[in-house]
Structure formats: C-alpha cells, structure tokens
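Trainee: Got a minute to go through this one with me? I'd like to talk about helices and how they pack.
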Amino acid sequence: MSMTTRMPAQVDAATRDPLPQALAETLAAAFGPRFTTNRVVCLQHGTDESALPPAPPDAVVYPESTEEVAAAVAACAAHRVPVIAFGVGSSIEGHLLAVRGGVCLDLSRMDRVLDVRPEDFTATVQAGVTREGLNRALAHSGFFFSVDPGANATIGGMVATAASGTNTVRYGTMRDNVLSLTVVTAEGQVIRTARRARKSSAGYCLTQLFAGSEGTLGIITEATVKLHPQPEAVAAAVAAFPDVRSAVDTVIEALQAGIPLARAEMLDALTIRAINAHSRTTLREAPTLFLEFGGSPAQVREQGAALQALAQDHGGGDFEWAVRPEERSRLWTPRHHAYFACLQLRPGSRSFTTDACVPLSGLAQCIEETVQDIRGSGLLAPVFGHVGDGNFHCLLLVDPGNACEVRAAEGVSHRLVQRAIRHDGTCTGEHGVGLHKVPYLVEEHGAATVEIMRRIKRALDPDDILNPGKVVPLRD
C-alpha cells in the first residue's frame, strides 16, 4: 500500500480533460476578475497540509453568495466538470486536491456572520467564516462557539469534515453543534436541511448526511450552529507525568469521577520539546496533560482539588494553574501551535499526519503500542491528542525525497489504523477520509455499508462532479 500506487493525487495534469472553453467563458462573464486560471493561484488551491503531492484545479472562482455558488455549480454540471470547495486549505488528508482537475470554489469571501440569536443559543454564518472570526463576533454576547480543531478553519470546512478538537470532551464535535445547513446540490439547486429547532423528527436527517461528507454530496454555503454560555469561572492546568499511560489513566479516572473536563490534551515528551523550542516555554520534557474545566468559582476549586489528587495518585507533578483569560491564553497558545512547532523538529521535512480514535478503555494501550512502533521505525514522530475522547495524532516527519522513509511512514500509519480498528475504533477521529483513508473504509465499516454510502453518492451526484475521488470514489 505504498503512497505511489495508492494515491490518485499523482495523476499527470496532461492526462486530464482541459477546462471546456464554453465553461471558462461562462464563468468569466459571471464572475469577472473573481474567475482565474492563473497557474500560481490554481497551485495554491491544489495544495494542502498533507504530504500528498499537489493536484491543482484548472480554474478558481471566488463566489460571495449562495446564489453565486449555485450558478457556478450549475455551469460546471452542464459540462460535467468537477467542483471542489475550498476554505483555508488546512486539511491534512488530501481533501481538496483536484485529482480530476475542474473548478475550485474558494468560499473565503463568504465570511459574514448572518444572524446571532443568544436567546436560542444559535448563530447562522456563511461557510467562509472562521471559528476565530465567529468567536470575535460573539465576544460581548456571553456565548462562544465551542469546536476548536486548532487551525483557524472555516465553519463550512469544519462541517464538511465533521471536525472536533480540544473542547470535544465536554461540548461535542461539529456534528453535535450544527442544527441546519444551506447546501448547493450537484445540479446547482439550493436546499436547506432543517429549521432552527434544537430537535426534529421530520424525515431523514440531511444535516448529518452532509456533515462529514467532505464536499462529495453538496457544497455547504451556510450553517446554523449551536452556541454555549461562557462559564462563570474557568481554570486551566498543566502537569507532567512519568509516562503516557499515567497521564491517560488520570484523564479517564477524572471522567469516571464526573469531573466535567472541558479540555484534556496529552502531549508526549517530543512534542513538549518542540513546543519549548518554538514558543520559548520551559515545560518539563515529559508526557504532559493540558487540562481545562469551568463552572462556578466554588465548583472550579473543588474540581481542581479532585483533579490534582488524581494526578498525584498517578505520579503527576504539581499543577501549573492559569485562571485569568490572559494566563489561559499563554498556557494554551503553545498547544495550539504544536503542529507547526513539531514541523520545526526537522526543517525541510513533510509530516505524514494521521489520527485514530478508540474507546477510552483501549486508549493507553493503543498509544503505547504506537509509540513502540514509531521507535522501531526509526522515524521522528511526535504523538499528542484529545485523550478525553480517545483521539490522538501522530506527525511522522520524513524527507519526502527518501523512499525508505516514505515507506516507513506509510507502514506506521497503516499499522496505526489496523491497531485502532482492532480496538473497535476508527481510522480517523477528526481529520476525515479525503484521499489517504479511502482504503480503510471497507475494513472499518464492511463492504455492504460502504456500498450504501456509494449508492447515496450516486443518487445525489450521478455525474460524480462533487470533489471526485474522495471518501467513496465511484471510479478508480
């Protein structure tokens, strides 16, 4: 299962059908300077954070409304030309690579917060609004949007990949925090998947169908998401542990004890070394927990004491506390920069970034086995993750020109997936399928289940123009 033989992203551009002249003229007339075939711009839109080679589209369009997205998709559908949605390009599984060419719809200009309703705990935004942009708009409302994947991703991209992140253990994933979507179908029609009510028994749940579909069933242009009230008091803490299992077991026992953790992040010693170098911190280079919880001041004090006692039972050191917002930001900012910090451990390398998610009962064993596997491979690979929900990540740093290292990284990634599935887990907890995880869906779900997914794809996109080649490809 080498990358060279498995990934359709390496299709030679010369073998692809050129963009029809009639389509180019239609889009140029409709979008003017917001339509381009500039090679540099196309290359930017065919490159993501994965280790996969670039696969640029033939053209890029910058729509500013749902109606413009619909017009662009309809024009492409008439010529059976692929359409790929683009947010900020932070995906790491090859989601946005234009393996069959076509037109990229860059939704970054669709960045308006359309409606905030604190009384209903909802906000409606265009797909190009970023999570940080939404929270800035909510700054004085007493509410916040909880899903935090680390990168400043767009809301549309986060829905499309069913993103999650550091707050998942308390507030849930993107699937749990989206109420309704506006979607452009493969024919260029505009549909709304649900009303704003917090629950409904009316028909199929199309909102959840499009969440996690990675742009293969429709183009998400607007989303109504849930908001959460800001806790009265919040405390964050950092503590080092003698080994990974001790850190993970502390979190599991805290959850079993009913301590309402909002964040529970584990970073191995190598990740801490990278963070210290990148952010000029002085954390002890050992497996470390970054924790956060909230409530009333009395609840926070009680929870902190209980958590400290659990950590000490597992050999954890004293907590470094942060209570004021600026202190918490100082503590969490290095964690959010962990990905880029780890890349600097080996300048010039590319990261084969992969993730897995398993039931909590198997998490410590799965991580330990993965760490041993990495050591045996000879690769440099930090490990960290959202241990409160069983999800962890490996950044396999390799020289992309070294075939032996590439094979070793693919081997570690493959065995990680096998290990996760053996623990009744999943090949991807939050990164998504994209191109890289396509081969594992049958193993995880079974052939019959994947065939149902393929039937849904055929029904909603019979000409296979929506982000073709991803999730459940209709052709090799």
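Trainee: What covers the buried residues of helix 10?
Mentor: This is a predicted model, so keep that in mind. The cover over the buried residues of helix 10 includes strands 13 (261–267), 14 (288–295) and 17 (383–386). It also includes helix 12 (325–336) and helix 13 (338–343).
Trainee: And which residues of helix 10 are buried?
Mentor: Helix 10 covers residues 269–279. L270, T271, I272, A274, I275 and N276 are buried there.
Trainee: What follows helix 10?
Mentor: R280 does, and its phi is positive, near 60°.
Trainee: Let's switch to helix 15. What span should helix 15 have, at 1.5 Å a residue?
Mentor: Helix 15 has 20 residues, 403–422, so the expected span is 28 Å. The C-alpha atoms at its ends are 28 Å apart, which agrees.
Trainee: What caps the N-terminal end of helix 15?
Mentor: N402. One of its side-chain oxygens lies 3.0 Å from the backbone nitrogen of C404.
Trainee: And what comes after helix 15?
Mentor: D424 follows helix 15, with a positive phi near 65°.
Trainee: Which residues of helix 15 are buried?
Mentor: E405, V406, A409, E410, G411, V412, S413, L416, V417, R419, A420 and I421.
Trainee: How do helix 14 and helix 15 cross?
Mentor: Helix 14 is residues 363–377. Its axis and that of helix 15 come within 10 Å and cross at roughly 160°. The two helices are therefore roughly antiparallel. The crossing of helix 14 and helix 15 is right-handed.
Trainee: Which residues meet there, between helix 14 and helix 15?
Mentor: From helix 14, C366, E369, T370, D373, I374 and S377. From helix 15, V412, R415, L416, R419, A420 and R422. Look at V412, L416, R419 and A420: they are among the buried residues of helix 15, and they are among the residues that meet helix 14.
Trainee: What about helix 9 and helix 14, how do their axes cross?
Mentor: Helix 9 is residues 244–256. The axes of helix 9 and helix 14 come within 9 Å and cross at roughly 160°. That makes helix 9 roughly antiparallel to helix 14. Helix 9 passes helix 14 in a right-handed crossing. On the helix 9 side, the contact uses V244, R245, V248 and D249. On the helix 14 side, it uses L363, A364, Q365, I367 and E368.
Trainee: Now the N-terminal part. At what angle do helix 2 and helix 4 pack?
Mentor: About 165°, with axes 10 Å apart. Helix 2 is residues 21–31 and helix 4 is residues 66–78. Helix 2 and helix 4 are therefore roughly antiparallel. Their crossing is right-handed. L23, T26, L27 and F31 of helix 2 make the contact with E68, A72, A75 and C76 of helix 4.
Trainee: New topic, backbone angles. What is the phi of F121?
Mentor: Positive, about 60°, although F121 is not a glycine. F121 sits in the loop between strand 5 (113–117) and strand 6 (122–126).
Trainee: Why does F121 count as partly exposed?
Mentor: Because its relative accessibility is 33%, and partly exposed runs between 20% and 50%.
Trainee: And E214, where is that?
Mentor: E214 is in the loop between helix 8 (206–210) and strand 10 (219–226). Its phi is near 60°, a positive value in a residue other than glycine.
Trainee: Is E214 buried or exposed?
Mentor: Buried, because its relative accessibility is 6%.

How values were computed
Residues are numbered from 1 along each chain as its sequence is written. This is a predicted model: local features need pLDDT of at least 70, side-chain atom pairs count only at pLDDT 80 or more; totals for chains, interfaces and linings use all residues. Side-chain values use heavy atoms; hydrogens and water are left out. Helices (H or I, at least four residues) and strands (E, at least two) are DSSP runs, numbered from the N terminus. The expected span of a helix is 1.5 Å times one less than its number of residues. Buried means under 20% relative accessible area, exposed over 50%, partly exposed in between (1.4 Å probe, protein chains only). A polar contact is a pair of N or O atoms within 3.5 Å; within protein, one must be able to donate a hydrogen and the other to accept it, and residues adjacent in sequence count only if both atoms are side-chain atoms. Axes are lines fitted to C-alpha atoms, for helices over the stretch in contact, and angles run from 0 to 180 degrees between N-to-C directions. Angles under 35 degrees count as roughly parallel, over 145 as roughly antiparallel, 65 to 115 as roughly perpendicular and the rest as oblique. A crossing is left-handed if the near helix is turned anticlockwise from the far one by less than a right angle, and right-handed if clockwise. Contact means heavy atoms within 4.5 Å.
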